[in-house]
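Hi everyone, thanks for coming. Let me put the structure up on the screen before I start talking.

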Amino acid sequence: MDARRLSRAVPRVRQVGFFTPNTPAQQPQPQSAAPSSESPPLSDSPASNSLSPVMIPPPRHLSDNLGGRTAAVPVPGRENSGELPTVGSYNPSESVLWLDSPPRSRIGDEELSEGAESSLGWYRRSDSAKFASSLPSGGFKLSTAKHPGSVAAVEAKNPLPEQSEAQKEQASSSKPLKAKTTKAERRALQESQRAAKAASRAEANKSGTPGGAPSSKPMKQPPQKKDGPPVASSIAASERIGVDRSVEKERKKDLPPPRKQFDDESRGGRAKRRSVLNQPEARNRVELFRHLPPHKNGTQLPYLGSKFFELHEKHPAVYKVGLQYLAGDLSGGNARCIAMLQAFQEAIRDYSTPPEKTLTRDLTSKIGGFVSFLIECRPLSMSMGNAIRFLKSRIARLPLTLSESEAKTTLCSDIDRFINEKIVLADKVILRHAATKIRDGDVLLTYGSSCVVEMILLYAHELGKQFRVVVVDSHPMLEGQKLLRRLVVKGLSCTYTQLNAISYVMHKVTRVFLGASSIFSNGTVYSTVGTASVAMVAHAFRVPVLVCCEAYKFHERVQLDSICFNELGDPDAISKVPGRVDVNYLDNLTDKQKENLELLNLKYDATPSDYISVIVTDYGMIPPTSVPVIVREYRKEYLLI
Amino acid sequence: MPDTQALVNDFLNKLKKRKIEGSQATAKQTAELLRSVISQTRMPYTNQAAALIHSVKAVGERLIAANPVELAVGNVVRRVLHIVREEDLSLTTAAMAGLNLSAESDDEDDTDRDNHPALSAAAIAAASRSTLRPPSLQTLLEDVPDSAAVPHTSSSGGDSEGKSKSADKSSRSRKLKHDVIEAVNELIQDISTCHELIAEQAVEHIHQNEVILTLGSSRTVLEFLCAAKEKKRSFRVFVAEGAPRYQGHLLAKELVTRGLQTTLITDSAVFAMISRVNMVIVGAHAVMANGGVIAPVGLNMVALAAQKHAVPFVVLAGSHKLCPLYPHHPEVLLNELRSPSELLDFGEFSDCLDFGSGIGAPLLHVVNPTFDYVPPKLVSLFITDTGGHNPSYMYRLIADYYSADDLVLERRTTSGN
């Protein structure tokens, strides 16, 4: 058991360098669980507790050991969103407690010291409950893959009675306890679910009920938590591990198809649309990029709109977002993703299942329609693809027995939670990680305008660090000017230059902070065009390159160049330079000249992983080689939230 | 020579105000100016070459000071000096046919050689060659008939200065000036035709269906590509626009006018596209003696990307761009910052440009350099009007054009004259 435990735990719970040993492992998760109450998470002194080690969530590991003992209350996500504020409100006290408690850096350590610290155990427990709440397991999923029917049945049966039981318990306990126990319970819920589905639902329910009352016996839980005392339950657990492994293999065979389906669908869709749309501007397109849909500018808006009317029913919120994409008002991966999700949320709220159709299927196809409309407006980013996949999987997993309104609220809260945990809170965690890498006297270089990097710079400035920012910009987007404006207004001292001068400024730069649109599982960073050049020059000048990217943007696709997959911008934007009337060489071209001239406006490029020193993500700071690990673990998680 | 003075001042002004664009135009005008300076110089009876050298140096120094970044000026001044020395030497050797070498001239040679260590590091390589040479030259002169010695002495002009003393004939005085002016005319001719010489080699380097990337605009590159096009090669050109001057637009327009399949890309897309490019061909501002290139801004990035993808990086440079100096910290010392208005709209940012924050330092700097330094290891090939060369060979090529005594003009004039 022990040997196995080690071998399983080590790759999953990972602490990546640069961390003080006594930082609590769960630090990111408290954040992610506390959206509103710990409102100034930034003000939390970063030295005290922040930057946690990288944790690659050990979902099945948790479930294996815990599942058997905790209450089997399924679908934590649905209640989680409601509870978040309460949960979060106790975080400050927790952090105090964390400071008091002896140094424990990782789950592994915790396990070892568990017995000695049992008095503190339940604090930790609550933490890990939060942890678990945001790290749902693979066990659940794989078992659902195996017995979809039974899962649905469990979900349908369980939620209400269990929940009410838990709530009673919460009510009876004192307030702080309640908050903590809620988390503990949530954790318990999840784990029990997993357990229930992974091996024997009956056993899980039996053993889980006593364990599922954490508020009543907080002291007892720690030992149960992970250290799974090598007695009866552990045997069961180990059996389950064995089961899981074989199942995991099956799942590995199973899982690729969904991904490919998604990609195939979208590609097929794109190809179709291309044939419809490209005719007007097929001329003047770059040979090498004929496989990509051309840029659509605002003039095609009415056409798209009318076409959309013919094809689908559209929801005004989705339509609005689509127009914003098209007009270029919304840019930036996070902004686009949030806008899209919120539009979907509204659409779901206004949705009603047509007669003789099931909600699951109809809604999925409806979302599909929305998505294809959005793709018409602008190709989706990887992060949006991930979010859509999440939403679709949530819809697909809706229990059949849920009433329509229940299903709708569930989905809406799921979306909210995705936005909150995967974007808003993830950003905050990234901030705190990245800020540790900024020292007084640094010269930080950033390229383009990444909202995470901007937040990092402002945060470090708020912390009182003295540094200088070099904003590198490039035609035709010139986003850097807007960033520069915002930074200068906040009182940061900046240097502005264009990409070509990068070799000139790089001599004095000590850190390069870059944003990313997506990170592929071979470590390639897919980001605004020019990022690769910046990273390359920084690499040549031996300057560390930090890429800041939320983990939901990771994608299991691999890519070697910037040509196979990319997005084309408006080619006409190249010939014009805003604010430079003297640059008008391409204004009056004859037809013959135009025939030979192609304008290429690429939106993204792929930075090879060799140029990246570290990727700052919500799981901590990882080397690019660890991206596939996160992708693998993370996929289970977000499908399950 | 008041009229030359006016010419010189006019040219100085232009240089200072950066009115002259491009090293070719600068080189040509410098050569023309020096030609008129030479023709106006009054020739003394003795040591005529020294007088010529002196007046050329005096003007050249001022020209170089006017725009130290425009290395072509210095290059042309040095080449003219070299021409003077060479012409003088050839006359001397011709005249020496019947004369013996006097003991004094030997002494002169020695003192000349003693001055060599005073040269800066920049001159060391070339200087060492010339310090090594004189002994063998001496033996050559003693043993071998003079006609054979002439080509060998061509690069060690230092000797001629002293020898000119020994052979002064009034008939020779006019001949020297005449020869020098003729040679300078040739130099001007060379400068204006270097494009064609370089372009002639295009077919040897561009094959059918090649994909070529270039950045910014260079007339040499334009001619080079068009020459290949005229030879019925069909290929495709990616032009990076070369912000902030966006001269790439100009080049793209020229290329499409001549019927070349051209794609204009942003500078930021260079890395993305370079993996599909067969060759990078760019122009240069100057080529240093170590094979490094002072090039339009952005080319270091392109060169690094080309290296990453093992794409040949070819630099086209006329011989007037070959600078005999070795660069030290060229990114800064041989660079020039242009106006921030090319990058930022003053109207929009006027409140933060140069306004004092609490500490008194401006919050916002705008950096707009003109040149990049591309180290020799990133350059695959130089194509000059004399053919293709490795970066490591540039020092030798340069030694053919300049005499070691002229490498450091300022120091030389203060100590030597």
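I'll walk through the contact between chain B and chain A.

A word on bookkeeping: this is a predicted model, with local features needing pLDDT of at least 70, side-chain atom pairs counting only at pLDDT 80 or more, and totals for chains, interfaces and linings using all residues. Residues are numbered from 1 along each chain as its sequence is written, chains are lettered from A and ligands numbered from 1 in the order in which they are written, and side-chain values use heavy atoms, leaving out hydrogens and water.

So how many residues does each chain bring to the contact? Chain B gives 57 and chain A gives 63, where contact means heavy atoms within 4.5 Å. Together they bury about 5,000 Å², with 61% from carbon and sulfur atoms; that is accessible area (1.4 Å probe) lost on being put together, summed over both parts.

Now the polar side. There are 3 salt bridges between the chains, meaning a side-chain nitrogen of Lys or Arg within 4 Å of a carboxyl oxygen of Asp or Glu. One of them links B:Arg236 to A:Glu598, with the closest N and O atoms 3.2 Å apart.

And here's a nice one: strand 9 of chain A, residues 597-600, runs parallel to strand 3 of chain B, joined by 4 bridges. Strands here are DSSP E runs of at least two residues, numbered from the N terminus, and two of them pair if DSSP finds at least two bridges between them. Within that pairing, A:Leu597 stands opposite B:Thr262.

Notes:
Buried area = accessible area lost by both parts, 1.4 Å probe.
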